[in-house]
Amino acid sequence: MSELERYYRILELEPGATLEEVNQAYKDLVFVWHPDRIPKENLRLQQKAQDKLKAINEARDKLRSLKNKYQTSTYSPPAQQKQPQETTYQPVQRNSDLSGKDFSRANLSNKDLSGRNLSFANLSGANLSDTFMHKVNLRGADLSEANLFRANLLLADMREANLRSANLIGADLSGADLRGADLTGARIRSGDRLLVKLIGANLAGAIMPDGAIHS
């Protein structure tokens, strides 16, 4: 296997994938192998995640460099024009205060909102699919009818949050604080199969999708 083929394989792509496909595959894999998704005490998986991210970064950078080189060989933009470049993954700043902000119907899919303060924010109808929200503060937030498909809400503070009719299929709510949250009509199952991770979640006093209060 050539080095080029190995880079495509690391990103789970077929040889010849476009630059756009390379960048999207990179984002998807960084989301999957984000160290914050793995328990800190599991040193083996933490090390594996770090190794995966290193390989993913290298593969993306090598493929992007080759594709940019090919593009500039066929067309060279004026010297004064700088082409935008996507930087290698870096954790975002965690101190942004977004409490009470209006994000109703906003498209926040694939964003990294981990550690942000979104308490009492209006996120009704917002698209939060595949969004990373580890340790986010969503206390009292309005998430009614929001799309939280595959959202990462590990250790999130969601006390008294309004999750009425929200789509929680595939969401990870492990360790989240959902005391007093309203999940009336929320989508959490497919038939009899529960499709939300609730390991260690605190649901005391929460209104469950069927209207029952969790004790």
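1. Starting in the loop: aspartate 130 is buried, at a relative accessible area of 14%. Under 20% is what it takes to be called buried, so aspartate 130 qualifies with its 14%. Bear in mind as you read on that this is a predicted model.

2. As for where that residue sits, aspartate 130 lies in the loop between α3 (43-74) and β1 (189-190). Its backbone deserves a look too: phi is positive, about 60°, although aspartate 130 is not a glycine.

3. Glutamate 160 belongs to the loop between α3 and β1 as well. Here again a residue other than glycine has a positive phi, in this case near 55°. Is glutamate 160 buried or exposed, or partly exposed? With 41% relative accessibility, glutamate 160 counts as partly exposed, because that class covers what falls between the 20% and 50% cut-offs.

4. Now over to helix α2, which runs through residues 19-32. From first C-alpha to last, its 14 residues reach 20 Å, close to the 20 Å expected at 1.5 Å a residue.

5. Which residues of α2 are buried? They are Val22, Asn23, Ala25, Tyr26, Leu29, Val30 and Phe31. When you look at that list on the model, recall the usual helix geometry: with 3.6 residues a turn, residues three or four places apart point the same way.

6. One member of that list gets its own point. Asparagine 23, in helix α2, is buried with a relative accessible area of 17%. Its C-alpha is separated by 8.2 Å from that of arginine 64, and the two residues are 41 apart along the chain.

Methods. Residues numbered from 1 in each chain as written. Predicted model: local features only at pLDDT ≥ 70, side-chain atom pairs only at ≥ 80, totals over all residues. Heavy atoms only, no water. Helix = DSSP H or I, 4+ residues; strand = E, 2+ residues; numbered from the N terminus. Expected span 1.5 Å × (residues − 1). Buried < 20%, exposed > 50% of the residue type's maximum accessible area, 1.4 Å probe, protein only.
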